[in-house]
Amino acid sequence: MARSGKGIAGRIVEEGFRLATKAAGKVMNDPRGQDAVARAVGLAQRGKRRIEELQEKAMRAAGIPGRQDYQELSKQLARIKRKARELAAQLEAERSQEEGPEEGPEEGPEERGPRGSGPVHH
Amino acid sequence: MRFASQEWIEAVVAALNAQPDLPRALAGLPRDAAFVVEADGRAFRRSVAVHAEQERGRVVRFRILPDEDDILELEPGYVIRAPYAVWKELLKGGDPVKAALSGRVRVEGDLEALVRRSGYRRLADAALAAVRTELP
């Protein structure tokens, strides 16, 4: 979701960046080559950012919502989604508490996947 | 251990933290990063997003995000994402820097800093080699 709102200029720079760095991948084994690639990548990233900023300014001046606006909106949506998820979990916990322990856990396969979040690991 | 499962990530983080050069590799990098293994057909049906934090050169916290979109709210210093097939290739010895430079691994964040640290790739390799990985 989001972070994909690229203008034509952004896409051109990105494609150029991709082609150039693909070729540069071959010199990565040499430390000097590595340094040169790092600098080139940094330069390309900064250039791309600058173009995006200019694009953003132009769009804002024209009253069109830009990439940053979409990103901010996506962030807010993500926050709302998280809050809704937390509320749903809270409601579920309260409901199962009200139902009492005599009902026992439901039979069936346990859901596997990214729901389990890891605590602090040392 | 199943790739990208909670226990697999735990084991990789522990193996990574056991690398003596890790503080040097992480010095100067942002506090946190997110890694996304994107769903890839039947082989990997559901995307997995992990958020990890470092402090003083060690990975001190990580969690599998319930929703990939949580990354938008967290705004980590790096977001590194690739389809499962690409991660699989990297686990089998593919070069992550070249994969990032060619765009197969998509990196949001300061790529220059990562390229400069490409010599520390051996730390990740050693950590991954220490963990038995079952690929789907």
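**Nonpolar core.** I looked up the largest nonpolar core, a set of buried Ala, Val, Leu, Ile, Met, Phe, Trp, Tyr and Cys residues joined through C-beta atoms within 7 Å, and found that it has 38 residues. Those with the most contacts inside it are Ala34(B), Val37(B), Ala49(B), Val50(B), Ala100(B) and Val115(B). Strand β1 (residues 32–38) of chain B gives the most to this core, with five residues. I took a residue as buried if 20 or more other C-beta atoms lie within 10 Å of its own, with C-beta atoms placed from the backbone.

**Basis.** The model is predicted: local features need pLDDT of at least 70, side-chain atom pairs count only at pLDDT 80 or more, and totals for chains, interfaces and linings use all residues. Residues are numbered from 1 along each chain as its sequence is written, while chains are lettered from A and ligands numbered from 1 in the order in which they are written.

**Val115(B).** Leaving aside neighbours within four places in sequence, I found Val115(B) in contact (C-beta atoms within 7 Å) with Gln34(A), Val37(A), Ala38(A), Val41(A) and Val97(B).

**Helix α1(B).** I noted 12 residues in this helix (a DSSP run of H or I, at least four residues; strands are runs of E, at least two), residues 6–17. The buried ones are Gln6(B), Ile9(B), Val12(B), Val13(B) and Leu16(B). They cover an arc (of directions from the helix axis to the C-beta atoms) of only 130°, which puts them on the same side of α1(B). They pack against α2 (22–26), β2 (48–55), β3 (58–64) and α7 (121–129) of chain B.

**Helix α3(A).** I found that, of the 33 residues of α3(A), the number buried is one, so the helix lies largely in the open. Just after α3(A), Gly100(A) takes a positive phi of about 85°.

Definitions and conventions: A residue is buried if 20 or more other C-beta atoms lie within 10 Å of its own, exposed if 12 or fewer, and partly exposed in between; C-beta atoms are placed from the backbone. Two residues are in contact if their C-beta atoms, placed from the backbone, lie within 7 Å. The expected span of a helix is 1.5 Å times one less than its number of residues.
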